[in-house]
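The following exercises ask the reader to study a protein chain together with its ligand. Each task is followed by a solution in steps.

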Amino acid sequence: MTNFPTEPLNFNRLTKATMCERSRDFLGLLKTRRTVRDFSEEPVPMEVIWNAIRAAATAPNGANLQPWHFVVVTDTERKTAIKEAAEAEERAFYNSRAPQDWLDVLAPLGTDEHKPFLTEAPVIIGVFAERSRVDEHGTKQKVYYPTESVGLATGMLISSLHLSGLATLTHTPSPMGFMNEIMERPSNERAFVLLVVGYPKEGANVPTIAKREFEEICTHLG
Ligand code: IYR
């Protein structure tokens, strides 16, 4: 049998009342999150960004390989390069690549090929998933569940930023190959999402949309 090091679990047992109260509070907080597309240029406290990325890196992940990398961009010149590359992809998407049924489901969100938030927002985070890695002997290693792992981490990143008082946009220009070059990441990593972060612009509006009913999204089989 393989022997591996263990340590005592540090588990904080709560009363039932506290459990229910905390879960209600957390739900209430998450319900106030909206995806924002109009950002103020006001800078944000960078400590909030670093803490959110540290929070993301606590996510459960395949075989503890932690297959993620977060690239933070605040510099106007690089943000401009990202905006130009993303808008070139988006122009092709909206004008020819997107099938009509995709355009139909996007219509209520009011999105188009113009992405001014990519230079207006103070922080852009490129989230990358490592699909394979080279070990210390130079052997290529497979990474297990990179997409799932990075998805879980991104959810925690967004939740931390929201809890800390910042707005986000999960932006997915497609394809995102340009991000490797502009954000200086190797080809074994795949861009997962471009997270736009900042304060909402004064008077920002969001689309009127509804969440699905709880009964529709959850089944209790007993
Ligand atoms: N990438 C495009 C289109 C788009 C796709 C989905 I799925 C969205 O939820 C929103 C937009 C864009 O960013 O405009």
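**Exercise 1.** How do the residues of the shell around the ligand divide into nonpolar, polar and charged?

*Solution.* The model is a predicted one. Step one is to list the residues around the ligand: Glu90, Phe93, Tyr94, Trp102, Leu106, Thr111, Asp112, Lys115, His171 and Thr172. Step two is to sort them by class, which gives four nonpolar, three polar and three charged residues.

**Exercise 2.** Identify the pocket that holds the ligand and the elements that contribute to the shell.

*Solution.* Begin with the location: the ligand occupies the largest pocket. Next, consider which elements supply two or more residues to the shell; these are α3 (76-97) and α4 (100-106). Finally, compare the shares: α3 provides the largest, with three residues.

**Exercise 3.** Describe polar contacts of the ligand, using the cut-off of 3.5 Å between N or O atoms.

*Solution.* Take the side chains to start with. In glutamate 90, an N or O atom of the side chain is 3.1 Å from a nitrogen atom of the ligand. In histidine 171, a polar side-chain atom lies 3.3 Å from a ligand oxygen atom. Then turn to the backbone: a polar backbone atom of threonine 172 is 3.1 Å from a nitrogen atom of the ligand. These distances are within the 3.5 Å cut-off, so each pair counts as a polar contact. As a last step, consider the cover: of the 380 Å² of accessible area that the ligand has on its own, the protein covers 73%.

**Exercise 4.** How many salt bridges does the structure hold, and why are glutamate 87 and lysine 83 separated by about one helical turn?

*Solution.* The structure contains seven salt bridges. One of them joins glutamate 87 to lysine 83, with the closest N and O atoms 3.3 Å apart. The two residues are separated by about one helical turn because they are four residues apart in helix α3.

**Exercise 5.** Describe the chain as a whole, and then examine two positions in its loops.

*Solution.* Start with the elements: the chain has eight helices and six strands. Along the sequence, their order is α-α-β-α-α-α-β-β-β-α-β-α-β-α. The C-alpha atoms fill a box of roughly 60 × 50 × 40 Å along the principal axes.

Now examine the loop between β5 (167-171) and α7 (178-182), where proline 175 lies. The peptide bond from serine 174 to proline 175 is cis, and its omega is near -5°.

The second position is glutamine 66, in the loop between α2 (46-56) and β1 (68-73). Phi of glutamine 66 is near 50°, which is a positive value in a residue other than glycine.

Terms used:
Residues are numbered from 1 along each chain as its sequence is written. This is a predicted model: local features need pLDDT of at least 70, side-chain atom pairs count only at pLDDT 80 or more; totals for chains, interfaces and linings use all residues. Side-chain values use heavy atoms; hydrogens and water are left out. A residue is near a molecule or strand if one of its heavy atoms lies within 4 Å of it. A polar contact is a pair of N or O atoms within 3.5 Å; within protein, one must be able to donate a hydrogen and the other to accept it, and residues adjacent in sequence count only if both atoms are side-chain atoms. Accessible areas come from the Shrake-Rupley method with a 1.4 Å probe; for residues, only the protein chains shown count as cover. On a 1 Å grid over the protein atoms alone, a cavity is a set of points where a 1.4 Å probe fits but cannot get out, and a pocket is an open set with protein on both sides within 12 Å along at least five of seven lines; lining residues have an atom within 4 Å of a point. A molecule sits in a cavity or pocket if more than half of its atoms lie within 2 Å of its grid points. Ala, Val, Leu, Ile, Met, Phe, Trp, Tyr, Cys and Pro count as nonpolar, Asp, Glu, Lys and Arg as charged, and the others, Gly among them, as polar. A salt bridge is a side-chain nitrogen of Lys or Arg within 4 Å of a carboxyl oxygen of Asp or Glu.
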